[in-house]
Each structure stands twice: as structure tokens, then as C-alpha cells.
Amino acid sequence: MMFRIQPAMLKIVAAAWLLGATGAMADTTLEFTQWWEPELPAGSLRAIMNDFEAANPGIKVTLVSGPYATTRDQISVGAATGTLSDVVGLDGAWVNNLNAQNALADMNPMMDASGFDKTQVADIIKVDGKAVMFPVASFVYPVFVNMDLAAQAGVTKLPSTRAEFLEAAKKMTHADKNQYGWVLPLSLQTPSGVQNDLMSWVWASGQSMMADGKPALEGKPVVDMLTFVKSLNDAGVISPGIATKTEQEKVEEFVNDRVGMMIDSLAHVNLIRERNPKLNFDLIPVPVVENYNGKRGLPYASWGIGISAASKHQEEAWKLVQYLMSEKVNAKLVSLANAFPGNVNAKPDFVTSDKAFAKAFEIYKTGYLANEFTGLPVAEDLMTKFDVEAQKMLAGEQSPEQAAANAQKGWMAKF
């Protein structure tokens, strides 16, 4: 006996198929890997993603969040295995390596196809002509000073020069109390300490680690910096465990009143306040060499964003990138993060609402952003090579001049 489907049944089947197809479309899920969520107020990045989803029906965003070092390792593995998330948070020091693995999509065609206004963004990071990263938010790295420890040590004037910094660090150091004047993280696992905690002293005095596009590590600026850091170490004012200490551990020591001063990102202010609401701290520019009166270079790092070349949802990923770079959303994000905006028209509200960031903004206005690692080939490898030589110097195995010469030799092999 032949079974005949009635017209009414056909309508139900068709409706069910259409509903299933619509549901499948609604299941487009973007994976967004970044280290930003732990550094923002709880729930704030998820709220921005919820707003994006509401404005873009059919697209969902899954946040894959972790500390900076963990995220870096995860992205490296994803690039090597072709499993990189659709959208990725990026550090400018990573982009050359990732581009060499063809891991990042070129956003130039996406900008052209969507009529994206390139003049609205503060910068577009390019490698081999490919637009691989937008800085969403940029953070300067001033010196954080524990004002209570400074007062207890009799430091009445916050240091402006390297000599004053050394004296203040000596006064704040009480090894018997496990309290030190400065903290230096040079873990080879996360060699960004070379960028943030060492070279920042060079850039602060308007100097450079490069000359004519090539490394110049044997020049006076870098050798003098290494000599200064060695003097801090010889004076016993640096928290122990330099060779294995990470940036995260540096912040924890500051939060727990174990170090008086540290160079650190403004991105960590929310974390510091959350971990120790009673901590009384102030911000100052990185001290300079004696008699320097020019503009101070401000070390900085960015929360960059890019799209995976392996993503099957590049169109949807581009929508998320555009959303985060739009004026109002970017202003909201950088206000939450206390950062400088990636959209030149965005106006963060922290300048008037937060004393610490008002201070940071004043430091920013009187200086200039400086980070010579951004865009360099194999930037993290360069940091690692310098890190190894700096550690040997601090262990007494070589002089500052020898450390600089050996690092120069290692760097030149990459240029």
C-alpha cells in the first residue's frame, strides 16, 4: 500500500526544514582567544560580546581567556597546528612569527570590501604588505610606586633619574622582611621582561637599541642600561628569583607589599586594586639618565586583534573586529581597561574619573610612545637571546659590555 504525504504534512516538513536551516545559521560561533578578560572588570568583556551578538543575530562569540603567557603559548600552538581561533588577541611582538607561518589573515581585502574607514584607527600593523593587526587598546608602562613603603623608608621625593631610583630602591629594601626596592622578571618562558623592564630604561631617555634599522646593542645606551641594572642587582635591591620570575609574579609581589617599585602596564591597575583594595600607589615615568631634559619615551604594549587565516568564518570575524574598533565600542572598552584608544575618535572617560589614570594621561602627554620590538622579525627570539645574556651578567659570568656584544651577535644572525 502506497503512503501519500498530505499537503498539510508537506507544509510541516518544509517549516521544520526551514527552522533547522535557520537554526544552523544561528549556530555560527566565533572563538575569540585573548588575555584581556582577566585584566578587565569581571563580566565586562562578556557584556560587550553580548551587545555584539544582539547587534549581529546569527553570530555567537565564545571567549577563550587566560593570562598573557598562557594565551601566547596557546596561540603559538594554534598557529603551528592550524587550529588558531577565529579571532585572536595579539601582541605586536608576535605578528612576524605568526605571519611567517601564514597563520594570520590579511585584513586589507576585508577593509576594502566593507568600505572600512582606515583613517579612524590609530595604527594598522602590516607585515609584507598584509594588514595583520589593529591595536585595539594601548597601555603605557610607567613605574608603580608603593607610597606606604616609600613613606616608611623616608623617600619623600619620587625618583626622576636613575641615580635617584637606585637610592630610593636602597631605602625601600629590607631583605630580612622579604621586602625589596625593585622587581625584575626575566623568565625565559616569558621574555617580555626584556622589552618592558630593561629596554624601557633606554627608551625613557630618548635613546634607541637600533641604528639604521639594525641592532646597536653595543652602543652606549644599551651598555649604560645594563650597567645600571647590574648596579641595582649588586646593591641587593632587586627581589630574588630574577631568572625564573614572570610578569604575573612581579605583579603579585607588588600587590602583597613585597616590592616598593615596579615597571608595569596600566592594564594591571584593575587587577591590583582587586587583589589589594587598600594598596596606596602612585605612578611616575621611568627615570632617565642624568641631565636628560628631552621628552621621555614611554614603553607601551597593545591589545592587538587579528583574524585567523584558517578561520571558516572570516566574514563574521571581520564584523567582530570592526565592532571593537568602532568609536563608541572602542571608547567603552578602553575606558574599562584604562588604556589609550585604537580608534582615534574614541574618548575614554577615565581621564576625568580616575586619579591614577589622570596621572598616567599627564605622563602620556609629556612623552611619546616607544617600543622598538613591535614589528621586528622574530621579536620574541630577540628578547630571549638578550634575556640569556642579561641573566649571565647578573649571575656575574660576564660584564655589561660582554653581555651587549654577545646579544648583538645573536641578534645580527636574525637580520
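Select helix 8 (193-204) and strand 12 in this predicted model. Each of these two elements supplies at least two residues of the lining of the largest cavity. Strand 12 is the main contributor there, giving three residues, the most of any element.

**The cavity**

Keep strand 12 in view and add the residues around the empty space. The largest cavity has a volume of about 160 Å³, and 16 residues line it. Show Trp35, Tyr68, Tyr141, Glu247 and Ala301, which are the closest to its centre. Colour the lining by class and you should find seven nonpolar, six polar and three charged residues. The structure holds one cavity of 30 Å³ or more.

Where does the largest cavity lie with respect to domain 1 and domain 2? Both domains give residues to its lining, so the cavity lies between them.

**The two domains**

Now colour the chain by domain. Domain 1 takes in 12-138 and 301-364, while domain 2 takes in 143-284 and 376-412. Their centres, taken over C-alpha atoms, are separated by 30 Å. At the boundary, 21 residues of domain 1 are in contact with 20 residues of domain 2. About 1,800 Å² is buried between the two domains, and 49% of this area is on carbon and sulfur atoms. On the domain 1 side, select Glu39, Arg72 and Ala93: they supply 26% of the area that domain 1 buries against domain 2, more than any other three residues.

**Salt bridges**

How many salt bridges does a search of the whole structure find? It finds 15. Between domain 1 and domain 2 the count is three.

Stay with arginine 72 and show glutamate 380 as well. The side chains of this pair meet in a salt bridge, with 3.8 Å from N to O. Glutamate 380 belongs to helix 16 (residues 379-394) and arginine 72 to helix 3, so the pair ties together parts that are 308 residues apart in sequence. Next, select aspartate 354 and arginine 273. Their side chains also meet in a salt bridge, here with 2.7 Å from N to O.

**The largest pocket**

Select Glu39 again, this time with Pro67, Tyr68, Gln248 and His268. Of the 19 residues that line the largest pocket, these five lie nearest its centre. The pocket holds about 370 Å³ of space. Show helix 3 (68-81), helix 10 (247-255) and helix 11 (269-275), each of which supplies at least two residues of the lining. Which helix gives the largest share? Helix 10 does, with five residues. By class, the lining has seven nonpolar, seven polar and five charged residues. Domain 1 and domain 2 both contribute to this lining, so the largest pocket lies between them.

**The second largest pocket**

For the last stop, select Ala122, Ser138, Tyr300, Ser302 and Leu369. These residues lie nearest the centre of the second largest pocket, which is lined by 22 residues. Strand 5 (130-140), strand 12 (296-307), strand 13 (340-341) and helix 15 (355-366) are the elements that give two or more residues to its lining. Strand 12 thus appears in this lining and also in that of the largest cavity. The space in the second largest pocket is about 320 Å³. Its lining divides into 13 nonpolar, seven polar and two charged residues.

Notes: Residues are numbered from 1 along each chain as its sequence is written. This is a predicted model: local features need pLDDT of at least 70, side-chain atom pairs count only at pLDDT 80 or more; totals for chains, interfaces and linings use all residues. Side-chain values use heavy atoms; hydrogens and water are left out. On a 1 Å grid over the protein atoms alone, a cavity is a set of points where a 1.4 Å probe fits but cannot get out, and a pocket is an open set with protein on both sides within 12 Å along at least five of seven lines; lining residues have an atom within 4 Å of a point. Grid points are joined across faces, edges and corners, and a volume is the space filled by probe spheres set on the points. Helices (H or I, at least four residues) and strands (E, at least two) are DSSP runs, numbered from the N terminus. Ala, Val, Leu, Ile, Met, Phe, Trp, Tyr, Cys and Pro count as nonpolar, Asp, Glu, Lys and Arg as charged, and the others, Gly among them, as polar. Domain bounds come from an automatic or database domain assignment. Contact means heavy atoms within 4.5 Å. Buried area is the accessible area (1.4 Å probe) that two parts lose on being put together, summed over both. A salt bridge is a side-chain nitrogen of Lys or Arg within 4 Å of a carboxyl oxygen of Asp or Glu.
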